[in-house]
Amino acid sequence: MTAPRTLNELVLGGFEEHAASPHTMRVKRAGAWVSLSNREVFERTEGLFAGLRELGIAAGERLAILSENRPEWAIADFACLIARCADVPVYPTLP
């Protein structure tokens, strides 16, 4: 594999290279750690990317992500990256 030249190549190449990984992310739910597979993270990213396009979000637009630290934040960040949007994290503790 050649070295990625862009962030998109890095993210999409990582999804492809680790397609079979059952433990891409972990999240604590109901007191127990649950793994999210690479496929699940990729499918959620694709779905959110499609949703952004359906809402009319175009390349170059800016979006804010208001979230605590959780897998959905990273998935939203990946989807914005693939959509070629700039995302700005807004932390809930920032009054």
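**Exercise 1. Work out which hand the crossing of H2 and H3 has, and describe how these helices meet.**

Step 1. The crossing of H2 and H3 is right-handed, meaning that the near helix is turned clockwise from the far one by less than a right angle. Helices here are DSSP runs (H or I, at least four residues), numbered from the N terminus. This is a predicted model, where local features need pLDDT of at least 70, side-chain atom pairs count only at pLDDT 80 or more, and totals for chains, interfaces and linings use all residues. Residues are numbered from 1 along each chain as its sequence is written, and side-chain values use heavy atoms, with hydrogens and water left out.

Step 2. Now the geometry. H2 (residues 38-54) and H3 (residues 71-82) have axes that come within 8 Å and cross at roughly 55°. Axes are lines fitted to C-alpha atoms over the stretch in contact, with angles from 0 to 180 degrees between N-to-C directions.

Step 3. So H2 is oblique to H3 (not under 35, over 145 or 65 to 115 degrees).

Step 4. On the H2 side, the contact (heavy atoms within 4.5 Å) includes Val41, Arg44 and Phe49; on the H3 side, Glu72, Ile75 and Phe78 are among the residues.

**Exercise 2. Do the same for H1 and H3.**

Step 1. The axes of H1 (residues 7-17) and H3 come within 9 Å and cross at roughly 125°.

Step 2. That makes H1 oblique to H3.

Step 3. This crossing is left-handed.

Step 4. Leu7, Asn8, Val11, Leu12 and Phe15 of H1 meet Phe78, Leu81 and Ile82 of H3.

Definitions and conventions:
Helices (H or I, at least four residues) and strands (E, at least two) are DSSP runs, numbered from the N terminus.
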